[in-house]
Amino acid sequence: MTALQRSADPAMPVPSAGRDLARIVSINEEIKSIVAVAFKINIMALNAIFLAKRAGTTALGFGVLSNELRVFSQDLKTAMGGLSGVIHKAVTEVSVLLQDQRTLRLLQQAEVQSGGHARVREALRLCQEKMEGHQLSLSTQRRQLRQVLDNVAQLVELGGVLAKSAKIEAAYGQGFSASLAQVSGEFDGVVEEIRQSLGNLNKSEFFARR
């Protein structure tokens, strides 16, 4: 007996797609916050590049790292766009599952009231098959989302290395070293913001479902 077949028993609870929908909405909010931080890094990197040019040859290394951080912000924005695509598909699947669950409950009631009429039982079977297909699809999207999150985590680690390297290079900026150090410290802070958001995403109970 499959999980969906068990859910057809009125005595057993139907898995709640509603909770998954709430979790997905929460995940999407975290994605939006990371995209906002990526935009912030891009602006900061442009300002840092300008500052490095003013500092001249003493800040060449800092300028190179600032440009790499700008590329990082663009790559991060692209990666989060990929996450948003998976989230959109997951929302669609969960919405359909919610409809399927309502239909399943109605059919369960109809089966009881009809005394197990053959047509009602067949409709119930078809509904179960449909739900199972959507749940398998949602499981696939859950795995895809996890994989993209893992890739983003690796990208953020690279951003962290760049930010720390910029801190080191700031010390060679001579008269601009204090300004460069302040900017590099801000880079470090925003990368940490992204790490925290990723940590929140990874803790989502959405990934506990299979």
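I began with Leu46, which is partly exposed at a relative accessible area of 37%, and I located Leu46 in helix 2, the run of residues 17-55. Since this is a predicted model, I keep every entry to what can be computed from the coordinates. I then noted that Leu46 joins Phe39 and Ile43 in a nonpolar surface patch, whose accessible area together is about 280 Å².

From there I followed the contacts into helix 3. Arg70 lies in helix 3 and, setting aside neighbours within four places in sequence, touches Asn42, Ala45, Leu46 and Ile49. I recorded Arg70 as partly exposed, because its relative accessible area is 27%. Its C-alpha atom is separated by 13 Å from that of Leu155, a residue 85 positions away along the chain.

Leu69, also placed in helix 3 (residues 60-114), I entered as buried, with a relative accessible area of 1%. Beyond its neighbours within four places in sequence, I found Leu69 in contact with Ile41, Ala45, Gly159, Leu162, Ala163 and Phe187. For one of these partners, Ala163, I looked up the C-alpha to C-alpha distance, which is 7.5 Å across a sequence separation of 94 residues.

Next I turned to Val120 in helix 4, which counts as buried because its relative accessibility of 18% falls under the 20% cut-off. Its contacts, neighbours within four places again left aside, are Leu107, Ala110, Glu111 and Ser114. I also checked Val120 against Gly160: they are 40 residues apart in sequence, and their C-alpha atoms are 59 Å apart in space.

I then searched the whole structure for salt bridges, and the search returned twelve. Within helix 2, Glu29 and Lys32 are three residues apart, about one turn of the helix, and their side chains meet in a salt bridge at 3.6 Å, N to O. I noted both partners as partly exposed, Glu29 at 44% and Lys32 at 49%.

Arg195 forms a salt bridge with Glu157, the closest N and O atoms lying 3.1 Å apart. This pair links distant parts of the chain, with Arg195 in helix 5 and Glu157 in helix 4, 38 residues apart. Both residues are partly exposed, Arg195 at 25% relative accessibility and Glu157 at 43%.

Asp188 and Lys164 meet in a further salt bridge at 3.4 Å, N to O, and here too the pair links distant parts of the chain, Asp188 in helix 5 and Lys164 in helix 4, 24 residues apart. I recorded Asp188 as buried at 15%, whereas Lys164 is partly exposed at 44%.

Asp20, Arg23, Arg142 and Glu205 are linked in a network of salt bridges. Following Arg142 further, I found its charged end over the ring of Phe206, 4.4 Å from the ring centre. Following Arg23, I came to Ser204, which contacts Arg23 and Ile27 once neighbours within four places are left aside. Ser204 lies in the segment after helix 5 and counts as buried, at 14% relative accessibility. My count of aromatic pairs came to zero.

Last, I checked the backbone at Gln174, in the loop between helix 4 (118-170) and helix 5 (177-202). Its phi is near 50 degrees, a positive value in a residue other than glycine. I flagged this because most residues other than glycine have a negative phi. Gln174 counts as exposed, at 60% relative accessibility.

Conventions: Residues numbered from 1 in each chain as written. Predicted model: local features only at pLDDT ≥ 70, side-chain atom pairs only at ≥ 80, totals over all residues. Heavy atoms only, no water. Phe/Tyr/Trp six-rings, centres within 6.5 Å; stacked < 30°, edge-to-face > 60°. Lys NZ or Arg CZ within 6 Å of the ring centre and 35° of its normal. Patch = residues over 30% accessible without salt bridge, like charges linked within 9 Å, V, L, I, M, F, W, Y side chains within 5 Å. Areas by Shrake-Rupley, 256 points an atom, 1.4 Å probe, with all protein chains shown as cover. Salt bridge = Lys/Arg side-chain N within 4 Å of Asp/Glu carboxyl O. Helix = DSSP H or I, 4+ residues; strand = E, 2+ residues; numbered from the N terminus. Buried < 20%, exposed > 50% of the residue type's maximum accessible area, 1.4 Å probe, protein only. Contact = heavy atoms within 4.5 Å.
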